[in-house]
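Colleague: Could you pick one spot in this model and walk me through its surroundings, slowly, as you would for someone in their first year? Please carry on from there to the helices, one step at a time.

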Amino acid sequence: MAEGIMKKLYGTGCYIQSVGVRNDLEIDGFAIAVCQEIGVELGRHRSRSFDEMEQMGDALGSFDMVLALSPASQRRALDLTRCYHLDVEYWPVLDPTGLGESRADRLASYRQTRDQIRERLIARFGPPVT
């Protein structure tokens, strides 16, 4: 969600790559649905792990910052960036996976996470440009 929202808010003014601790291949359908509500298309998005990112040639040293949204990703990012000069910021957001009994409850959890991410991006990087 963070990559898609960032691109929607700030366009191509910066390079952003979404990476996780593990590679789940397919993005969660609830994430797709709630992002679509705000005009962010995630249907073709594919998640990848830190290891896969480096195998594909995107070395962490070429980035300026890592935004970690989970304690596990923060630990992995700190471990991988010890030799690089870049910032690792941890933004604790709600992990909506598995929350809620009904579809409506699950969507509400994903909306909360989406909105937390959006608010944090705007607080950190300023007003949207697009």
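Modeller: Let's start with S70, which is partly exposed, because its relative accessible area is 27% and that falls between the 20% limit for buried and the 50% limit for exposed. Keep in mind that we are looking at a predicted model. You'll find S70 in the loop that links β1 (65-68) to α4. Now look for V93: S70 and V93 are 23 residues apart along the sequence, while their C-alpha atoms are 7.3 Å apart in space.

Step off that loop and you get to helix α4, which covers residues 71-80. Which residues of α4 are buried? They are S73, A77 and L80. Look along the axis and you can see why these belong together: they span an arc of only 70 degrees, so they sit on the same side of α4.

Let's zoom out for a second. The protein chain has 5 helices and 2 strands, and reading from the N terminus the order is α-α-α-β-α-β-α. It has 130 residues, and 35% of them are buried. If you take the contacts between residues at least 6 apart in sequence, 62% join residues at least 24 apart. As for the outside, the chain exposes about 7900 Å², with carbon and sulfur atoms supplying 50% of that.

Now try α2 in the way we tried α4. The buried residues in α2 are A31, V34 and C35. They fall within an arc of 100 degrees when you look down the axis, so they line one face of the helix. What do these buried residues pack against? Their partners are α1 (2-10) and α5.

The pairing with α5 deserves a longer look. Two packed helices are described by the angle between their axes and by the distance between the axes. Here, α2 (residues 29-36) and α5 (residues 103-125) pack at about 65 degrees, and their axes are 9 Å apart. The crossing of α2 past α5 is right-handed. On the α2 side, the residues that meet α5 are F30, A31, A33, V34 and C35. On the α5 side, they are R103, R106, L107, Y110, R111 and R114. Sort this contact by class and you get 7 nonpolar residues, 4 charged ones and no polar ones.

One of those residues makes a nice case to follow: R114, in helix α5. Is R114 buried or exposed? It counts as buried because its relative accessible area is 7%, below the 20% cut-off. Leave out its neighbours within four places in sequence, and R114 is in contact with M1, I5, V34, C35, E37 and I38. You've met V34 and C35 already, as buried residues of α2.

Last stop: I122, also in helix α5. I122 is partly exposed, since its relative accessible area is 23%. Where does it reach? Setting aside neighbours within four places in sequence, I122 is in contact with L9, Y10 and P128. Then compare I122 with M6: they are 116 residues apart in sequence, but 9.0 Å apart in space from C-alpha to C-alpha.

Technical notes: Residues are numbered from 1 along each chain as its sequence is written. This is a predicted model: local features need pLDDT of at least 70, side-chain atom pairs count only at pLDDT 80 or more; totals for chains, interfaces and linings use all residues. Side-chain values use heavy atoms; hydrogens and water are left out. Buried means under 20% relative accessible area, exposed over 50%, partly exposed in between (1.4 Å probe, protein chains only). Helices (H or I, at least four residues) and strands (E, at least two) are DSSP runs, numbered from the N terminus. The arc is that of the directions from the helix axis to the C-beta atoms. Axes are lines fitted to C-alpha atoms, for helices over the stretch in contact, and angles run from 0 to 180 degrees between N-to-C directions. A crossing is left-handed if the near helix is turned anticlockwise from the far one by less than a right angle, and right-handed if clockwise. Contact means heavy atoms within 4.5 Å. Ala, Val, Leu, Ile, Met, Phe, Trp, Tyr, Cys and Pro count as nonpolar, Asp, Glu, Lys and Arg as charged, and the others, Gly among them, as polar. Accessible areas come from the Shrake-Rupley method with a 1.4 Å probe; for residues, only the protein chains shown count as cover.
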